[in-house]
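These are my notebook entries on one protein model. I set down each item that I looked up, in the order in which I took it up.

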Amino acid sequence: MEHLSLKDFRTALKHTYDILKEGGKFRCIVPDLEYAAKKYLSDLENNVEEASIEFIGKNTLVGIEDRPQGLKGILTTVFGNSHHLWMWDHKSLAKELENIGFKNIRPCKFNDSQDNMFSHVEDPGRFENAVALECEK
């Protein structure tokens, strides 16, 4: 979801809500902007010289270190979608879920859903430094 523009994110969230049955569960796990911002500020306080490079290029993936040239570069930039276009913290993501109509929004952890189907697709690494919320229609 972090690879979508804000408008596309909201559209995807609305479609997700629409296709779920009543009582259906949705789990959203995205990188945590608040964690990245706090790490950046901590790096600044500790005089890490490349704090901004770490924040933009490595911790949030919103920066582009080098733009590839030529046709292949243009195609990769347009269709590659490897960079983050929007970042979330717990409060803002929960508000977006609520605005769509989701209820019972709660922070979640790896494999803690009452619906065992999530255990087949979840990766514990995705929960590190992430905003992880579960909600239902």
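**Entry 1: a helix and the sheet**

Which strands does α5 lie across, and at what angle does it run to β3? I looked this up in the model, which is predicted. I found that α5 lies across β1, β2 and β3. Its direction is at about 25° to β3.

**Entry 2: the overall plan**

I then turned to the whole chain. I counted five helices and three strands in the protein. Read from the N terminus, the elements follow the order α-β-α-α-α-α-β-β. I noted that the C-alpha trace spans about 50 × 40 × 30 Å along its principal axes. Of the 137 residues in the protein, 31% are buried. I also looked up contacts between residues at least 6 apart in sequence, and 76% of these join residues at least 24 apart.

**Entry 3: the sheet**

In what order do the strands of the sheet stand? I read the order as β1-β3-β2, in an open sheet of three strands with antiparallel pairing. The edges are held by β1 and β2, and each has a single partner strand, so one side of each is left without a neighbour in the sheet. On average, neighbouring strands of this sheet are turned by 20° against each other, with direction ignored.

I next followed the pairing of β3 with each partner. Strand β1 covers residues 25–31, and seven bridges join it to β3 in an antiparallel arrangement. Opposite phenylalanine 26 I found cysteine 135 of β3. On the other pairing, β2 (residues 103–107) meets β3 over three bridges, again in the antiparallel sense. There I recorded lysine 103 opposite glutamate 136 of β3. I also recorded arginine 106, which has glutamate 134 of β3 as its bridge partner.

**Entry 4: the cover on β3**

How many residues of β3 are buried? Strand β3 runs over residues 130–136, and I found seven of its seven residues buried. I then checked the two faces, and both are covered. One side carries Ala130, Ala132, Glu134 and Glu136, and these are buried. The other side carries Val131, Leu133 and Cys135, which are buried too.

**Entry 5: the cysteines**

How many disulfides does the model contain? The count comes to zero. I looked up why cysteine 28 is unbonded. The closest cysteine sulfur to that of cysteine 28 belongs to cysteine 135 and is 7.8 Å away, which is too far for a bond, because a disulfide requires the sulfur atoms to be within 2.5 Å. Cysteine 135 is likewise in no disulfide, with the sulfur of cysteine 28 as its nearest cysteine sulfur.

Are these cysteines buried or exposed? I found cysteine 28 at a relative accessible area of 3%, and it therefore counts as buried, the limit being under 20%. Cysteine 135 has a relative accessible area of 1% and is buried as well.

**Entry 6: two helices that pack**

Two packed helices are described by the angle between their axes and the distance between the axes. I looked up both values for α1 (residues 6–19) and α5 (residues 90–100). These helices pack at an angle of about 50°, and their axes are 10 Å apart. That angle makes α1 oblique to α5. Which residues make the contact? From α1 I listed Phe9, Arg10, Leu13, Lys14 and Tyr17. From α5 I listed Leu93, Glu96, Leu97 and Ile100. I noted further that the crossing of α1 past α5 is right-handed.

**Entry 7: serine 52 and glutamate 50**

I closed with two single residues. Serine 52 is in helix α3, which covers residues 51–59. Its relative accessibility is 39%, so serine 52 counts as partly exposed. With neighbours within four places in sequence left aside, serine 52 is in contact with Tyr40 and Gly57. How far is the C-alpha atom of serine 52 from that of serine 92? I found a separation of 23 Å, for residues 40 apart along the chain.

Glutamate 50 is in the loop between α2 (33–45) and α3. Glutamate 50 is also partly exposed, because its relative accessibility is 45%. The C-alpha atoms of glutamate 50 and tyrosine 40 are separated by 9.7 Å, and these residues are 10 apart along the chain.

Note on methods: Residues numbered from 1 in each chain as written. Predicted model: local features only at pLDDT ≥ 70, side-chain atom pairs only at ≥ 80, totals over all residues. Heavy atoms only, no water. Buried < 20%, exposed > 50% of the residue type's maximum accessible area, 1.4 Å probe, protein only. Helix = DSSP H or I, 4+ residues; strand = E, 2+ residues; numbered from the N terminus. Pairing = 2+ DSSP bridges. Axes fitted to C-alpha atoms, helices over the stretch in contact; angles between N-to-C directions. Parallel < 35°, antiparallel > 145°, perpendicular 65-115°, else oblique. Left-handed = near helix turned anticlockwise from the far one by under 90°. Contact = heavy atoms within 4.5 Å.
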